[in-house]
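Hi,

Here is the model I promised to pass on. Have a look, and my notes follow underneath.

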Amino acid sequence: MTNDVSDWWRTAIIDMEPGRIALRGHEVQDLIGQAGFAEMIWLMLRGERPDPRAAKLLEATLVAAVDHGPQAPSIATARMAVTCGLPLNNAMASAVNMLGDVHGGAGEQAVELYERIDAAGGPDAVSDEITRWRTEHGRYIPGFGHRFHPVDPRAPALMSLVERAERDGIVTGQFRRIALTIERHLAETASKPVPMNIDGATAVIHAELGFPAPLARGLFVLSRSVGILAHAWEQSQQGGRNKGPTPPRYRWTYYSDG
Ligand SMILES: CC(C)(COP(=O)(O)OP(=O)(O)OC[C@H]1O[C@@H](n2cnc3c(N)ncnc32)[C@H](O)[C@@H]1OP(=O)(O)O)[C@@H](O)C(=O)NCCC(=O)NCCSC(=O)C[C@@](O)(CC(=O)O)C(=O)O
């Protein structure tokens with residue numbers, strides 16, 4: 001057994017000594033008042049300061065995913081948690097835990113799928129790769145479909161920013177073309193419209209900017225945390241105790257299985 005504990009935690013993220021804090025090699029006092037929050041997220045995750053136009057594109061994804069109202073499971077959970085007497089941090093943690101493969105976290109799989117299609121040759125490979133994806137994961141394609149919106153207004157807004165960034169030479173647009181081809185493929189083959197959703201569109205930007213797939217989910221969590229906090233705070237100001245997902249006058253459907 002060694003007594004050497006000098007290597008217990010290793011990190012390239014932060015260096016500190018009494019009176020000094022340096023983040024990714026930048027003195028914190030040089031960042032404060034100078035770096036925007038999206039730029040800071042980029043610096044922390046990737047160790048370099050981004051082109052401001054790339055940071056702006058990342059910021060657009062953070063703005064877009066902020067909130068989707070109390071019908072979204074994450075937001076409803078935050079509000080319910082507060083009525084059960086939980087403080088803001090517990091309400092936020094409960095709500096963030098609702099974000100997964102089906103709600104708000106599908107960006108991770110969407111980036112994976114886009115990258116797979118890209119590696120297989122780009123838009124021409126969409127049909128074959130979707131078949132392969134379905135064999136492995138089932139019929140739902142991540143980043144597409146919405147139970148509320150026939151067209152998720154966040155997706156075309158984000159996609160037009162990618163188009164502009166492509167014209168400005170900030171991204172290649174290769175993942176935008178792949179996602180649009182998937183959307184067309186689903187429109188031709190599904191029984192109902194399966195539009196690109198917020199997860200699919202933010203995944204395009206994350207892939208275009210070179211973020212690894214798991215970070216797409218982490219970035220959605222960062223964004224949605226803002227809406228979660230706002231709703232938890234608002235609910236705490238309104239009061240309300242022990243509210244469930246529906247008003248008491250609504251009943252679930254009971255059936256006898258005996
Ligand atoms: C999102 C939803 C469950 C919706 O389902 P729906 O209820 O509309 O459709 P279902 O009744 O399940 O299916 C009806 C017919 O469409 C076919 N169909 C549907 N989706 C299809 C698809 N992706 N690929 C192929 N086919 C599809 C299906 O195969 C069936 O075909 P058929 O059997 O022939 O009748 C579904 O799309 C889905 O799992 N997507 C993949 C996961 C995903 O991307 N998650 C992120 C969603 S964004 C989000 O979470 C953030 C949010 O926006 C949330 C909010 O607020 O809600 C916010 O900001 O908080």
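Which side-chain oxygen reaches the backbone nitrogen of Arg53 at the start of helix 3? That oxygen belongs to Asp51, and it comes to within 2.8 Å.

Quick caveats: this is a predicted model, where local features need pLDDT of at least 70 and side-chain atom pairs count only at pLDDT 80 or more, while totals for chains, interfaces and linings use all residues. Residues are numbered from 1 along each chain as its sequence is written, and side-chain values use heavy atoms, with hydrogens and water left out.

Back to helix 3, residues 52-64 (helices are DSSP runs of H or I, at least four residues, numbered from the N terminus). Its 13 residues should span 18 Å at 1.5 Å a residue (1.5 Å times one less than the number of residues), and the end C-alpha atoms agree, being 18 Å apart. Its buried residues (under 20% relative accessible area, 1.4 Å probe, protein chains only) include Leu57, Leu58 and Leu62. The buried set packs (contact means heavy atoms within 4.5 Å) against helix 2, helix 8, helix 10 and helix 11.

Arg176 sits in helix 9 (174-189). Arg176 counts as buried because its relative accessibility is 13%. Among the residues that Arg176 touches are Glu163, Glu166 and Glu208.

Now the ligand: 26 residues surround it (a heavy atom within 4 Å), with His68 and Arg139 among the closest. As for polar contacts (N or O pairs within 3.5 Å), a polar side-chain atom of Tyr140 is 2.6 Å from a ligand oxygen, and a polar backbone atom of Phe144 is 2.7 Å from a ligand nitrogen.

Cheers

Key: Helices (H or I, at least four residues) and strands (E, at least two) are DSSP runs, numbered from the N terminus. Buried means under 20% relative accessible area, exposed over 50%, partly exposed in between (1.4 Å probe, protein chains only). A polar contact is a pair of N or O atoms within 3.5 Å; within protein, one must be able to donate a hydrogen and the other to accept it, and residues adjacent in sequence count only if both atoms are side-chain atoms. Lists of a residue's contacts leave out its neighbours within four places in sequence.
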